[in-house]
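Reader: Before I build on a model, I like to go through its labels one at a time and ask what each of them rests on. Could we do that here?

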Amino acid sequence: MNQSNWQKSSFSSSGELCVEVRTMDGLVELRESDDGELILHTTGATFAELLHAIKAGELDHHS
């Protein structure tokens, strides 16, 4: 992902409530589309670890 445009999660519905991601200045940024002012900044490695944990179900007990 080498861009500055926000990408919507493929799991998001067509509505306004979704997670968006982009890269900016070497960091990965995440936000919710309904609150675009609040942006989480992280490294690519940390983002990859988060995705791995989500896919492995390691965070399911938080839902």
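Reader: Which element supplies the largest share of the lining of the largest pocket?

Author: This is a predicted model, and in it the largest share of that lining, five residues, comes from H1. Helix H1 (44–55) is joined in the lining by strand S2 (19–24), strand S3 (27–32) and strand S4 (35–42), each of which supplies at least two residues.

Reader: What makes a residue part of that lining, and which residues are closest to the centre of the largest pocket?

Author: A lining residue has an atom within 4 Å of a grid point of the pocket. For the largest pocket, with a volume of about 500 Å³, 17 residues line it, and the closest to its centre are Val19, Leu30, Phe47, Leu51 and Ile54.

Reader: How do the residues of the lining divide into nonpolar, polar and charged?

Author: Ten are nonpolar, three are polar and four are charged.

Reader: Why is H1 said to have the span expected of a helix with its number of residues?

Author: The expected span is 1.5 Å times one less than the number of residues, so the twelve residues of H1 should span 16 Å, and because its end C-alpha atoms are 16 Å apart, the two values agree. After H1 comes glycine 57, whose phi is positive, near 80°.

Reader: How do you know that S2 and S3 pair, and in which sense?

Author: Pairing requires at least two bridges between two strands; S2 and S3 have six, in the antiparallel sense, and they therefore count as a pair. Among the bridge partners, arginine 22 is matched with glutamate 29 in S3, and methionine 24 with leucine 27 in S3. The hairpin of S2 and S3 has two residues between the strands, and aspartate 25 takes a positive phi near 55° there.

Reader: What makes S3 and S4 a pair as well?

Author: The same cut-off of at least two bridges applies, and four bridges join S3 to S4, which run antiparallel, so this pairing also qualifies. Leucine 30 has leucine 40 in S4 as its bridge partner, and S3 and S4 form a hairpin with two residues between them.

Reader: Why are S1 and S4 called edge strands?

Author: Four strands form an open sheet in the order S1-S2-S3-S4, with antiparallel pairing. Strand S1 (7–8) and S4 each pair on one side only, and that makes them the edge strands.

How values were computed. Residues are numbered from 1 along each chain as its sequence is written. This is a predicted model: local features need pLDDT of at least 70, side-chain atom pairs count only at pLDDT 80 or more; totals for chains, interfaces and linings use all residues. Side-chain values use heavy atoms; hydrogens and water are left out. On a 1 Å grid over the protein atoms alone, a cavity is a set of points where a 1.4 Å probe fits but cannot get out, and a pocket is an open set with protein on both sides within 12 Å along at least five of seven lines; lining residues have an atom within 4 Å of a point. Grid points are joined across faces, edges and corners, and a volume is the space filled by probe spheres set on the points. Ala, Val, Leu, Ile, Met, Phe, Trp, Tyr, Cys and Pro count as nonpolar, Asp, Glu, Lys and Arg as charged, and the others, Gly among them, as polar.
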